[in-house]
Amino acid sequence: GCGRNFYVYVYMPEKTMFATTPQSMLFALIFYAVVLAFAKAVRFRTAQSYQERQYRVQKEYAEKLRAANAELSAAVDQADRANAAKTSFLSRMSHDIRTPLNGIIGLLQIDDAHPSDVALLTANREKMKVAANHLLSLINDVLDMSKIESGKTVLNIGEFNLHEIINEIENAFRPQSEARQQTFIIDVPEFKYPWLMGDNVRIMQILNNILSNAVKYTPAGGMISFSVDECPRKSRNYDKLVFRVSDNG
């Protein structure tokens, strides 16, 4: 046959087929019933096999569809996380960039008020160089799209001078606090080991965020204090420093 059709051919002697004895007729009926049952069983098995194949095909398709949906969902989640990381990163950086800019603007205003003070102008120019270098580091971070996409903070370890960080903080926040009629106190000792290894940009970002909030929420006439303490060294390779910011805002 073709497709799922099939034929069963049965041979039976003519004398048996046309016999009229009860035994012969009973044998013929039994034989016919056995052949018919066999044919039905074969047909049922063939239909069942076809259904099983269809079920396997549908199951494989459903599994592939689930896998494709899972990959698509993971891609969408990754894109959402990347967008959220971009938004958060740019929001933080826009806040951090304002701090050195405010410091430079404040120093320029001081220079404008004392144009004949050569010593003051020279000192302020050096302070502005420090603030400008910090600003450049922040801008380089913004332009590094790989950091924005990953949403991860990458530390850039290098040599820096702790006194430069203190000077930059003073340059950035003293003019702001004085403009708001606040008292800004810096209590920093003369460090025995001022040159350190670390990520000075990240350190400045942390301190800028804390001090920005202190200036923002301290009322006029209030006080802001910034101090750094050098703790006893437990290892000659590491220094332990404690940064403190306090205010009455």
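Start with the whole protein chain, coloured by secondary structure: 6 helices and 5 strands are assigned. Helices (H or I, at least four residues) and strands (E, at least two) are DSSP runs, numbered from the N terminus. Followed along the sequence, the order is α-α-α-α-β-α-β-β-α-β-β.

The model is predicted: local features need pLDDT of at least 70 and side-chain atom pairs count only at pLDDT 80 or more, while totals for chains, interfaces and linings use all residues. Residues are numbered from 1 along each chain as its sequence is written, and side-chain values use heavy atoms, with hydrogens and water left out.

**Whole chain**

Switch to a surface view. The protein chain has an accessible surface of about 17400 Å², and 58% of that belongs to carbon and sulfur atoms. Accessible areas come from the Shrake-Rupley method with a 1.4 Å probe, and for residues only the protein chains shown count as cover. Of the 249 residues, 24% count as buried. Buried means under 20% relative accessible area, exposed over 50%, and partly exposed in between (1.4 Å probe, protein chains only).

Contacts, meaning heavy atoms within 4.5 Å, can be sorted by sequence separation. Among those between residues at least 6 apart in sequence, 72% join residues at least 24 apart.

**Helix H3**

Select residues 118-143, which form helix H3. Asparagine 124 is in this helix and is buried, at 2% relative accessibility. Leaving aside residues up to four places away in sequence, asparagine 124 touches Leu107, Ile110 and Asp111.

Stay in H3 and show the side chains of glutamate 126 and lysine 129, which meet in a salt bridge with an N to O distance of 3.5 Å. A salt bridge here is a side-chain nitrogen of Lys or Arg within 4 Å of a carboxyl oxygen of Asp or Glu. The two residues are separated by about one helical turn, because they are 3 residues apart in the helix. Both ends are partly exposed: lysine 129 has a relative accessibility of 44%, and glutamate 126 has 41%.

**Helices H5 and H6**

Next, select residues 162-179 (helix H5) and residues 200-217 (helix H6), whose axes come within 11 Å and cross at roughly 25°. H5 is therefore roughly parallel to H6. Angles under 35 degrees count as roughly parallel, over 145 as roughly antiparallel, 65 to 115 as roughly perpendicular and the rest as oblique. Axes are lines fitted to C-alpha atoms, for helices over the stretch in contact, and angles run from 0 to 180 degrees between N-to-C directions.

The crossing of H5 and H6 is right-handed. That means the near helix is turned clockwise from the far one by less than a right angle, whereas anticlockwise would be left-handed.

To see the interface, show Ile165, Glu168, Ile169, Phe173 and Gln176 on the H5 side. Their partners in H6 are Asn200, Ile203, Met204, Leu207, Asn208, Leu211, Ser212 and Val215.

Asparagine 209 is also placed in H6, and at 31% relative accessibility this residue is partly exposed. Measure from its C-alpha atom to that of threonine 99: the separation is 9.1 Å, although the two are 110 residues apart along the chain.

Now show aspartate 199 and arginine 202, which form a salt bridge with the closest N and O atoms 3.9 Å apart. Aspartate 199 is buried at 7% relative accessibility, and arginine 202 is buried at 12%.

**The loop after H5**

Go to glutamine 181, in the loop between H5 and strand S2 (183-187). Glutamine 181 is not a glycine, yet its phi is positive, about 60°. With 58% relative accessibility, glutamine 181 is exposed.

**Strands S4 and S5**

Finish with arginine 244 and aspartate 229, whose side chains meet in a salt bridge at 2.2 Å, N to O. Arginine 244 lies in strand S5 (residues 241-247) and aspartate 229 in strand S4 (residues 223-230), so the pair ties together parts that are 15 residues apart in sequence. Arginine 244 is partly exposed at 43%, as is aspartate 229 at 32%.

The last stop is lysine 240, in the loop between S4 and S5. Lysine 240 is exposed, at 53% relative accessibility. Beyond residues up to four places away in sequence, lysine 240 touches Asp229, Glu230 and Cys231. From lysine 240 to aspartate 229 the C-alpha to C-alpha distance is 8.5 Å, across 11 residues of sequence.
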